[in-house]
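Please open the structure in your viewer and keep the selection panel at hand. This tour goes from one selection to the next and says what can be found at each stop.

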Amino acid sequence: MGKTFKKPEALSDAHTHYCPGCTHGVIHRLVAETIDELGIRGRTVGIAPVGCAVLAYNYLNCDFQEAAHGRAPAMATGIKRVRPDLMVFTYQGDGDLASIGMGEIIHAANRGEKFTTIFVNNAIYGMTGGQMAPTTMPGQRTSTSPLGRNVEEVGMPIKVAELLAALQTPAYITRQTVIKPKYINKAKKAIKQAFTYQLENRCFSLVEVVSTCPTNWGMTPVEAVDWTEKTLLAYYQPGDYKIPA
Amino acid sequence: MAKVLMKGNEAIGEAAIRAGCLNYFAYPITPQSEVAEYLVRRMPEVGGVFLQGESEVAVGYMIFGAAGAGERVFTTSSSPGISLMSEAISYIAAAQCPAVFVNIMRGGPGLGGILPSQADYLQATKGIGHGDCRLLVMAPASVQEAVEMVMNAFPLAEKYRNPVMILGDGLIGQMMEPVAFPDHLKSEPTNKDAWATNGMDHRKSKSRNLVKSLFLDPVQLNDNNLQLKAKYERMRAETVMSESYNTDGDYTGLIVSYGTMSRVCRTAIDMLKAEGIEVGMLRPQTLFPFPEKALADAVSKPSCTHVLSIEMSMGQMVEDVDRFVRGLLPVSWYGKCGGDIPTPEEVIDVVKERFA
Amino acid sequence: MQSEIMFAGFGGQGILLIGKILAHAAMEEGFEVAWVPSYGPEMRGGTAYCTVVISDRPIGSPIIKNPLHLVAMNGPSLKKFAPTVKKGGIIFINRSLIDFGADRNDVDEFPVSVVEIAKDLGSVKAANIVALSAFVARSDIVPMETLKHCIKAEFSEKAKLIPLNMEAIAAGEKAARK
């Protein structure tokens, strides 16, 4: 009888530092499975962000570079332009991509850089201890919005997938989540599609993954899943926002 | 070797190609935009990469990414742009990747002006980015020397796995002079399989490489910084360059000056000589490492009574000159900035007033 | 021996180009040369000037406050730079646009109506080459043949302009010799 379950080769044996109920582990696994299935581990370079996933290279077993905060898309551009044969992906959180790195992601997407971005949106800064992000929900309490996000003062949360989909350059832009098994299969398909577009040298691709942060949200993992489904997914609606022609 | 008449900025672009660097990322800024305007036409002819980034911040990381992937890469900018790239330069130095940055300096601080300046000496040699990082800094005084320094910069960056900066004032970029591209300065990129993220399949070891600068363990961070420090010590021992002028005989004082400013001083020294006044000059060609031994030798001449640092800045290199003269002789500064370049006549007046 | 020539005029008059052609010709003659442009805000539509330094030894300061010669293509340039020219130098004046003199008695003042000459040749655009040729013929700073060779090289990608510019060279030389 053959094995029915095995760990992807692109996933290391290390125990992750992620909190209980955090979805980074699931997303890492989906990326690793994709790399294995496409047989590209030997020519893949990941770019780690600054944020909770800064140590992603300890868990994903391929070449990696570590960017400064927000600059992963510029680094990916540099690699992909000089080595178009390499498969390049950035793995970024919402503080990294949607705040300090907004300029880099918009311009990389608009140039149609042929790399893939996994954008993990959990509506808060995780690693620095739960500060408000550009994606924090109206009224959501964080350590820098203790009374809840006041949209009169700081505006509405940014919908990254919709924003990037508005660019005229062809791209694959989709929003997924991994909070329940029924969503995970779809997310896996989207991630694989994104890497496939890169493999075919088609277009820039971004998979936004709506995620949890029970620790900084002050919730149990179960409450976090529930809040994500009811509140985050209502605002950040899953679906494909742009598909290359 | 046939010489061609070329603008410094264009010659710098061509020199990189002749050295074997076919990857260029940049953002326009006066007075060096001609490098990009030249390379956007030239890179496709040699199968190279040209990309105009969205900002100097992004360009810094495009350089980091490409360098981390093991490819020769360079950028050019001017003072305010270099400030924006300095974050990336710190990361590149920490991650020990080779890359070449050209700074065609303009007046500052702030938006400053667009005319020639040497006001980024301290930034380049001491304060380029946060943390314990240094650049190898070379300062050309002619278009030909800029060509040779750019061509040398790539193997040096690879030798030390550290960013190298060519620090030229605006005139070096804007001036046209006859240049030749010495064939012997063409070099093959070194094998980077030991550390670059060029894909595991590509390497004999089949083990993966990480390009990173985060060391949460204090012992590891200290180790990395010790490695950097050891490299900077090696640069001091191996790579320091300077040129002396009129120092064979006796001289009453020594001028220390670099780049275009040193050429003005050379003319002043010739004019002083015609009046019977002997002044020597030390021209640092590397600013980091600073030619401290050559300076010590030059000031040890018994006839020398004064050391005068002349710069197109409000007195930056003079801090190093003072440091390495070690109180043996009086050290003073003269300079102007913002494009109002001191003339030979002004230099002569200052020399006469201070020590001749 | 070092000579410095300042070329000055309006942006669009081809000032930087004729400076470059002279620098090229001097290089071909085996001299050390430096061509130093003004690149300040004035390059955006106002005055343009450049200095060409020609020397038989390595050039020290490329910054020249007092050139040996001046080629003034418009009034403001003549006003501004005529007083800076060294004693015994040439001040070339574009008589077509400048109706006054250098107000110096220690220089070789040399006016030529380059625009009218160029117009007679068929294009006012050649006025800068007429001026260059007249100045070179007057100063003998490089041989005319070398100058012609460098103009051909400069226009090698716009070969149809070469005959006009050769006529401009001849006309400029004639203006200088009469």
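The stops below start with a sheet, go on to contacts between chains, and end with single residues in loops. Keep in mind throughout that this is a predicted model.

**The sheet**

Begin by selecting the strands of the open sheet, which has eight of them in the order β7(A)-β5(A)-β6(A)-β4(A)-β3(A)-β1(A)-β2(A)-β9(B), with mixed pairing. At the edges stand β7 (239-242) of chain A and β9 (210-211) of chain B, and because each has a single partner strand, one side of each is left without a neighbour in the sheet.

Now select β5 (residues 171-177) and β6 (residues 204-210) of chain A, two strands that run parallel and are joined by seven bridges. For one pair to look at within them, pick Ala171(A), which stands opposite Phe204(A) in β6(A).

Add helix α1 (residues 24-38) of chain A to the selection, and you will find that helix α1 packs on the sheet, where it touches β1 (44-48), β4 (116-121) and β6 of chain A. The direction of helix α1 makes about 165 degrees with that of β4(A). Next add helix α7 (residues 181-199) of chain A, which also packs on the sheet, touching β3 (87-93), β4, β5 and β6 of chain A; the direction of helix α7 makes about 160 degrees with that of β5(A).

**Where chain B meets chain A**

Go next to the strand pair that links the two chains within the sheet: strand β2 (residues 63-66) of chain A and β9(B) pair in the parallel sense over two bridges. If you select Phe64(A), its bridge partner in β9(B) is Leu210(B).

Then widen the view to the whole contact between these chains, which takes 32 residues from chain B and 28 residues from chain A. On the side of chain B that touches chain A, the elements that give two or more residues are β2 (23-26), β3 (49-52), α3 (56-68), α4 (79-94) and β9 of chain B. Of these, select α3(B), since the most comes from there, namely eight residues. Coloured by class, this side of chain B shows 17 nonpolar, nine polar and six charged residues.

**Where chain B meets chain C**

Turn to the contact of chain B with chain C, which takes 20 residues from chain B and 16 residues from chain C. The elements of chain B that give two or more residues to the side touching chain C are α7 (170-174), β8 (176-179) and α9 (259-274). Select α9(B) here, as the largest share of that side, six residues, comes from this helix. By class, the side of chain B that touches chain C has eleven nonpolar, four polar and five charged residues.

**Chain C as a whole**

Now show chain C alone, and count along it six helices and six strands, which run from the N terminus on as β-α-β-β-β-α-β-β-α-α-α-α. The C-alpha trace of chain C spans about 40 × 40 × 35 Å along its principal axes. A compact globule with 178 residues would have a radius of gyration near 16 Å, and chain C, with 15 Å, agrees with this. Of the 178 residues of chain C, 50% count as buried.

**Single residues in loops**

Most residues other than glycine have a negative phi, and most peptide bonds are trans. With that in mind, select Asp103(C), which has a positive phi of about 60 degrees although it is not a glycine, and which is found in the loop between β5 (90-94) and β6 (108-112) of chain C. Is Asp103(C) buried or exposed? Asp103(C) counts as exposed, because it has 11 C-beta neighbours inside 10 Å and a residue is exposed with 12 or fewer.

In chain B, select Arg326(B), which is not a glycine but has a positive phi of about 55 degrees, and which lies in the loop between α11 (317-325) and β15 (331-335). Arg326(B) is exposed, with 12 other C-beta atoms within 10 Å.

Two peptide bonds in chain B make the last stops. The bond from Gly108(B) to Pro109(B) is cis, with omega near 0 degrees, and the place of Pro109(B) is in the loop between β5 (99-105) and α5 (121-125) of chain B. The bond from Phe288(B) to Pro289(B) is cis as well, with omega near 0 degrees, and Pro289(B) is found in the loop between β13 (286-288) and α10 (292-299) of chain B.

Technical notes. Residues are numbered from 1 along each chain as its sequence is written. Chains are lettered from A and ligands numbered from 1 in the order in which they are written. This is a predicted model: local features need pLDDT of at least 70, side-chain atom pairs count only at pLDDT 80 or more; totals for chains, interfaces and linings use all residues. Two strands pair if DSSP finds at least two bridges between them. Helices (H or I, at least four residues) and strands (E, at least two) are DSSP runs, numbered from the N terminus. Two residues are in contact if their C-beta atoms, placed from the backbone, lie within 7 Å. Axes are lines fitted to C-alpha atoms, for helices over the stretch in contact, and angles run from 0 to 180 degrees between N-to-C directions. The radius of gyration is taken over C-alpha atoms; the globule rule is 2.2 Å times the number of residues to the power 0.38. A residue is buried if 20 or more other C-beta atoms lie within 10 Å of its own, exposed if 12 or fewer, and partly exposed in between; C-beta atoms are placed from the backbone. Ala, Val, Leu, Ile, Met, Phe, Trp, Tyr, Cys and Pro count as nonpolar, Asp, Glu, Lys and Arg as charged, and the others, Gly among them, as polar.
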